[in-house]
Structures are given as C-alpha cells and as structure tokens.
Amino acid sequence: MRRSVYMSVVIAGIVSLNACTSTLQEEANLPGVPSLKELYKPFGENDVKNFQSPPKIYHPETWFHLIGGNVSKPGITADLEALSAAGLSGIQLFHGQFGGPWPGVEPQIACLSPSWEETIKHAAEECRRLGLRFTMQNCPGWSMAGGPWIKPENSMRHLVWSRTDIDGGKQVAMDLAVPQPSSEDWRDYKDITVLAFPTPLDDTNQPLRPQSIRSNIDYPWSDFLIENKDQGHWINQEEGQPHWVEVSFSQPTPLRTIELSEVRNYNYNWCYEPGVNIKVQAIFPDGTEKDILQTDAPQSSWQDNKYFTLALSEVPGVKTYRISFTHKRPLLLSHMSLYSATRKNNWEAEAGWTLRDFVRAGEEPQQSPEAFVSLDQIKDITSSMDANGHLNWEVPEGKWTVLRVGHVCTGKQNGPAPKEGTGWECNKLSETGPDIHYASYIGRLANGPLEGGLLNGMLLDSWECETQTWTEEMEDEFRLKSGYPLRQWLPAVFGYVVNDHETTTRFLLDWRNTIGSLFADKFYGRMVQLAHQNGLAVSYETAAGDIVPADLLEYFKYADIPMCEFWQPLSESFVGSNNFKPIKPTASAARMYGKPRVAAEAFTSFELTWDEHLSMLKEVMNVNSVEGVTHLVFHTYTHNPRIDFLPPGTSFGSGIGTPFLRLQTWWKYMLEFVNYLSRCTYLLERGRPVSDVLWYLGDEISHKPDQNYPFPEGFKYDYCNPDVLLNRLSVKNGKIVTPEGIEYSVLWLNDNKRMLPETLEKLLALVREGAVVIGDAPEGLATLSGQESAQKRFDAAVHALWGEVSKGCNRIGKGMVVSGMSLDEALCELKMSPDVTATGDALWLHRQTKGADWYFVTAPKGQGFKGDLSFRNSGYAEIWDPVTGEMEPAVNRKDGDRTVVSLDMPRAGSCFVVFRHDRKGESKPVLLEEAGTMPVGNEWTLAFPDGWGAPASLKADELKAWKDLDISPEGKAFSGTVTYTTSFDIENAKEYAGYSLDLGAVEMIASVSLNGKPLRVLWTPPYRLDITDAIQTGENILAVEVTGTWFNRLVYDAGQPEENRKTWTISGPSKDAPLRDSGLLGPVVLKVFND
C-alpha cells in the first residue's frame, strides 16, 4: 500500500466536477474544442487542478435519440436535467425510427411538423439553461445526409451502361437498351454518351461453360459454373486444407478472368480481414501444374456489394484449370464465373464502385494485347443516337461493341428515420447536394426556431449510403483535376482494360482521385462552410477507408472535430474489432491537420444485455483511447417521453446501444464514470502526441492499412497522406514536424508501388533538410497526367533519392534514405531506442508539453498487468489516477537515460505515468509493508427497498449473490441497491500505519461508509480503498450500498403477465435467461500495514 507524501495535491474522496466559476449558460456557449494555446502551454500546478476537476469542455457528451413520435417536453426536461446532473457537457440530437407508439405517449409528435419544431426549440432552450452544448445530426435518422427535400436529380448518382455487340461493315438502325437499373421513375435516368470500340479478343460478354467439373468436396459448383445461379453455399473450414474445383473444357481455352462473389460475403464478420487465399492453376495434359495466380482476398467493407474480379495470365494449350480456396474460417460463396475475356484486376474497387484493398498479385497478368481495348479506337458516337435511344450508325468493318452510358439515382435514402423525414441521399460530388440539403434542415432550423445561437453544432454520422460514381459536372471536374478528357476512358470504369493493364491502373488512379477530391471538397468542405456561416462546430465520422474509396485523411481537414466510433464488447471480429471500426485513421487525421480533439461515438453495441458494467465500459474506453480517442460521445441516451412510467425505459427502441438512461439502477453514480472520462480526456488532449514513425499512406488511393499490422514493439506511428506531405510538413532539428509542432523521427514508405512526381520531389526536399525516409523506390507513376514531363520528373527524383543504393543508407544533404530492409531493421540500423518496453502486454500512448511527458497506460484486453515498464524518459515520476484524481510518486528506478516504473493493475486498470520536468529531485513513494489481514463481517444485515418482493431486512452470515438468497423468486430477481451493514472491532487504531478495506468481488457498484463517514464509490476493480482516516478504536460500523443492474428483474418480468410487471423496456432479456450474480460477493478483508 502506498501513501502520498505530498497530500496537498491529493483530494480526499471524490472530487466534484460540477464546481465552475462560469454560469451554466456561459458553459453552453463553450467552443466545441479546447484551444491549442491552452493545450500547448507549459505544464504546471494548474494541470494538477485541472486533472482533479477538469473544465466542462473536457466532459463527455451523449447522443440523444428521439424515436418516432414518442416525444414530450416534460420528458426532455427530465432527461436533460439528469444528464446535466451527471456532469455531461452536451447532447447530439437525432430523430430515428424503430417500431410504433410507446405505451401512454400521446400525442405522437411527427418529425418536421410545427409541434416538432417547438419541441426541438424546447430541447435547445433547456440545454442552454442547463449549460449543455446542443448539437444536431444533419438529417433525420443517423445516416447520412438526405431527406424528402432531395429530388432524384440532386441525389447520389451512379453510372449505368448497356452493351450491344454489332457486326460491322453496314449501316445499322436499332434501339440501344436503356442501361439498368433505370425502370423506376425515381431512377431519373439521364444519358451521358454512346461509345463504340472493336470487340476485344474472346470477349463474348458471356461466361465460359466447362464441359466437366470435379472437386475435393461435395459442393454445388455447377450452380455457378453451369446454371449461372447466384446462390450462397458455405464451405466449412479445415485447417490449412485447400478446397478446390477443377473445370475442364473440350478444347484448349484461355482463362483470363475469374469473377467471384463480393468479398464481404465470404464471412461478413471478417470482411475487413477475410483470411481467404485464392490460387488458380493451369493443369496440363500430362498432369503437371502451373500456378497462374495466388492472392489473398483483399480487405473489403461491410457495404461491399460488387463482384470480385481477378485477372489471370494466359497459358496456351490448356483445357483444365483448378481454383483453390484456403480459408481460416467458414467460407460463403455465392457466385463464380469464368471468362476468356479480359477484365481489369479488382476493377470494381479500382474504379471506385466499392472499397477494397490492392490485389497486387493480379496487377500485371501476361495477356494478349488483342484482348484489350485500344484507346485510339474508341469512338464517341453519341450524336448517332437520338433522344429515344435509337442508333443510326455506319458501322466500320469487324465486330464492334457499343456502350450506352448514363447515370441514375442510386436509390439510397437517409435513415432509419420517420417516414415523413425520409428521402433521397443528397449528391455527395457536387455542391448542389449539400446546398439544398443544408438549407432544408439544419439551415432552416438555425435561421428559424433555433435562431439566436440555440444550436451549437452539426454532426454528420455514419456513412451507410455506399458509393457514388457520377455527377453532372464530372467530365469538367475530371479534366480540371487530371488535365485530360474523361469520356473515352469510361470503358475502364466498367472493367475493360484500355491499352494495357498498367495504363488502365494509372487512369483509374486519376479517376479515384477525382471522386475523392469531390467527396472531400464538394460535400464535406461545403457542409462545413455552410455550418460555419451559422456559427456551428462540425464533427463527422469516418467514411473514407470505411465505405468510400478515397483518401483516408484529407476530408477530415474540414472538420472541427474528427470523429470515429467504437463498440462494445471488445471482440476479435465484427464491430468490436479494430479493423472493423478503426480509430487510427481518424486520430492521424486530427494530428496531421491540427485538430486537438478526436471524438468517438462510444459504446455502440448490437449486444444490449441490461447487464452492462461500468468497469467493462472502462476497459473498452481504455483500449480505444490508446488508439487515439480523446473525447467520448455516448451511444446512447434514448429520450424517455414519460416521467410517470415504469423503469428503465428503452435503448433506441430496439436492441442496439448501451442504455445510458436516467432510470438506470446505477444512474446516481454516473458522475463517477464521467469524472474518470473527463480526467482522461484532459490529459489525452493536453500537449502534443509523441510518435516516432510517420507512415506514408501512398499516392494510390486504397483501403486503410491492417490495424493489426505487426509494428515494431515500443514504437508508435501516425498515418500521413499526400496532401499533408505536400502542404504541411517541414523539417526542424532533424525531425519531421507539422505546423502545430508534432514531431516524427522517420517517414516510412510502405507498399508504395506507384508515386507522383510531386510527392517524390517533396520527399527529396525534406531529406535534404534533414529528414530520414525509410522505404524502397517506387516502380512507376501513379497518374496519366503530365505524360512525358511527369515521367522525367519521376525518374529524376527517384534517382536523387535512391541512386544506386538497393540496400542501406543513401545520405542526401542533411538527411538520408534507408532502403532494402524492413522497418524493424531500419530502426535498428538508425539505433533508435523504443519509447516504451514492458515485461508484459501493457498498452500505452505518450504525450508531452514543455515541463512534462506523460503516458496513458492500461492493462491489455481481458487481462490485468503486473510488471515493469521502461520509459525513454526521465524526471520526477508520478502516478496520476483518473478514477480518484489522486497523484502519488511512482515506484521507479533509473536505468541509464531511461526510467523503469513498476505497475500493478487489475483488468480495466489504467493510470497516467507523469514525468515532471518542472519538479526537482527523485520521486520516492512511501511504501507500507503489509502486516496482516482479518476477515470482516461475521454477520451482515441486508436492507432492500420496498415494493420489489424482497424482505425489508435480512440477516446473513455468508455473502452470496441475491439470486442465491433464501427469499422469494421475485426477491431473488431484485435489481437496484441493497445496503449491507456489519461491524468489526479494532483494539488500537493507532497500532498500524495504514488500513485498507478490500471488498473482494462486487456486482457491480459499491458505495462505502465507515462509522457514518462516506468514503468512496467503487465502480471498477480493484474494489479496495484506504480507510485509515475513518477507522477508530473499538467498534467500527461498515455500510456498503451495492447496486446491481436491471438484468435480473427484466428476466423476471418477462415471465409475468404484462399488467403485473414493474418494469418496461423494448428488447429486454428472455424470461428463460438464467439470473446473473448481483450484490456483494466478497470475501471482505481488512488489511493492516506498518511503515
């Protein structure tokens, strides 16, 4: 047990975070983020004060969901008062839709109606009264940006095309099929162009039909390969064993393309890390085999709904091919087609139809040039088709393929929203979309019912509207961005190989860059611009690298508060995993663009249990904070329109979310959790982050990197994109620095096969000024822009940077380029020391400002941590506890220029290790030696509240869960707070230097008093506290108020007739669910200590 030697900085008990010198109304007008000036100032005693009682700007916020017409002003007031009392700093209001009216909620308030506007104004005025920031989602529902005011012509648009093959050498007069989907009136089909080109070799527009099929598993391959049916069938996993199908043709047949089902569906929960290896082999007549492709299925996304195309090298004289799948998990296939025609490898992703990672293995297949489309043979015959789609054209000799190309409304709508608030998603590639959308919802409210600054912010939540590939201005925008016309290249957007694979790859990079720029500038940039005109702070969640194939970081440059999301519980796959819901891209964007706050939609869940423990949420928060989250916005607080109804209410009107509700059993302790989060936020935003490596994402727009990449131990990294590299990085004292002063020791080029000349020229300039770059030379250009001039610049810069060095260090000016080795090897070559090394798997991050460095350290997922951490730091070492606000000297020792700190943390444990450079001397904790233990509580008295079927008082000589007590079935299912009372004797309280009370196991919160003196609320392990100042000689009366969750009572009520129930919710646990442990489980032990 450790006791502080400078009690002046230790607060007794829990510090109230409500004390504030400003009025509540002034707090409501706080900016959305703390100022950089405040965050970057030197460390000092003011930080002690702010850590113990953080200003309100560091407190979490919550999403606040209205569901359908279940809305009332009294309920809103009660909700907001509960949130204010719990210490939250603001709400972000949504109006969603699940189900119908709730019991007794009349009248129903329709979204967008005059009564709805009055209610929204009431919520805003109440927020102002209570000192809460008031932010609104930018449309009804949570996704994404649309409503009934968006007409099809201003909606998200997709390219569509139809193909007609014609024998040439004659005049044709025919109707060209209208591209589909377009039959519905709301599709609003518009023609763009008609293109024609000689039909490539073996391109029949039909899949091959094998003569025979055989396989090493019983599987209906013929459904795909013969019947052409898209029907899903699972293949079970067999560790390391491939499952294969062999197809044979009656004569030698080139196989140039395989089209498989969308990667997302291989195993949906693992769509961001599929774990599927695909191998294609040519089988010769003598039985020998030749591998013609082997690749891992790429990372995809949860909205990947396009087939997955692989390009294969031709092998002449082959009749039989084998396609093998090796997969780590059960594999679902729903489509497979084989073609002799050539298609671009992974074209669905490279052309921006869906988000998937590179498939490097198929980028350069050896194929006949006659199977490609020649650019100079593509004819624009648009003028030969009339407005009714009738083509009148003199066809040149040969076989020709004609593409009629148009665009349609994608059909995506905002939601889930009330019907009256639902409409098309607005155009995301043109300013006309956000202009109409903003003016019709947020702008109308801000300049109407919410005028006078009642609205403080605007949120753009989840991007769940897939992708967009067209806007009316696309051809002009492409020429402006890329410097050459688009139209003749459109066949490449549909998968055709134009000229050759490499040329097509470079065009598609220009195409994706154009879409990405429009996505960032015309949508996000414009929405922020419009919101700023109303004085609104803007936050938005991830889109690029989640669903949209665009630059991972650049669109965040417009946000005031970049935002991500994390889910509970933590898991290895699906939404609880780091690859499915990553933090690093958003955190890196914030750091690269000088944004001090990384907000997160926090604790979203598909696993609502009503048994959520705050300690579990703490662990989830800790893990994601290490990734870069600094500020939490809870998912979710669901508005309860009634103040006269049964507890606990509902979460989201469904089974989604973590239920932060005023009628939760544990809501009276919510301030304790908020205190913890606010203290963490203060130090997670204070100062600047410290990372050694800047990971360059490259000039080829692709997916995010694997979030489980085996990065060198002890080092941290951030991502960097082309925009930041070109416009925001410089070199100072041999470090790469941002304008805000964040420093990096090295820039790492990972998987940069193609690069832009301007990127290489900027790298060269940085290296000459002293930067260190790690990585190999690119192989080619990442664009068709600039042609010969671009190639010359590329060649010159590559030569200057890498010269003739294939492995080792090439010194240039004040800096160097290290190549031909892994990142681990390069860091070793540079003699870089890890920032942190540990005897275990503790998680950490590092921040600093003048006067101090500090590390947030937490136990790994699902474990505690006990061991030593070696820090690349020195100074007066302290442990700052965000649970209590207390500080004490760290148990530490010097190891050269490093400091070794010993920590002992339970599961979900965390602390800040602070190195004070403004304090002289060495920190030496007072360590007390444990002298003995004694059990507490031979007899306990349990006091239950009335009305829940449990006795008012119960004597127990043994601690056990409430469900195991000898009481009625209703009593066993009690949910709420029970007071435990016992006594113990101390002969001489002054005999020992310290006393610690350990409650053992607690389900889930304990409020401890001794001799009538409230001590602490224990809501997370360890359920242990120092009672030295409260213990007395003689009899001591211990009282422990233990609060459990609603789970058991909801189970009990689920089995009762509705009229007998004492609770109400939607999506509660089943009546057949076994009751769970609640209460004080112990053993309760008193530990005594000597000096």
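The following paragraphs describe the domain layout of this predicted model and the interface between domain 1 and domain 6.

The protein is divided into six parts, and two of them are assembled from separate stretches of the chain: domain 1 comprises 54-149, 413-461 and 562-686, while domain 2 comprises 157-200 and 377-409. The remaining assignments are domain 3 (212-342), domain 4 (689-830), domain 5 (836-925) and domain 6 (931-1090).

Attention now turns to domain 1 and domain 6. Their centres, taken over C-alpha atoms, are separated by 33 Å. Contact between them involves 29 residues of domain 1 and 29 residues of domain 6. The two domains bury about 2500 Å² between them, and carbon and sulfur atoms account for 65% of that area. On the side of domain 1, the residues that lose the most area to domain 6 are Trp-610, Thr-665 and Tyr-669, which together make up 26% of what that side buries.

The polar component of the interface can be described in similar terms. Twelve residue pairs, with both members at pLDDT 80 or more, are in polar contact between domain 1 and domain 6. One salt bridge is found across this interface. Asp-611 forms a salt bridge with Arg-1076, with 3.1 Å between the closest N and O atoms.

As for the make-up of the domain 1 side that touches domain 6, the elements giving two or more residues to it are α14 (614-627) and α15 (670-685). By residue class, this side divides into 14 nonpolar, ten polar and five charged residues.

How values were computed: Residues numbered from 1 in each chain as written. Predicted model: local features only at pLDDT ≥ 70, side-chain atom pairs only at ≥ 80, totals over all residues. Heavy atoms only, no water. Domains from an automatic or database assignment. Contact = heavy atoms within 4.5 Å. Buried area = accessible area lost by both parts, 1.4 Å probe. Salt bridge = Lys/Arg side-chain N within 4 Å of Asp/Glu carboxyl O. Polar contact = N/O pair within 3.5 Å; in protein donor to acceptor, adjacent residues only side chain to side chain. Helix = DSSP H or I, 4+ residues; strand = E, 2+ residues; numbered from the N terminus. Nonpolar A, V, L, I, M, F, W, Y, C, P; charged D, E, K, R; others polar.
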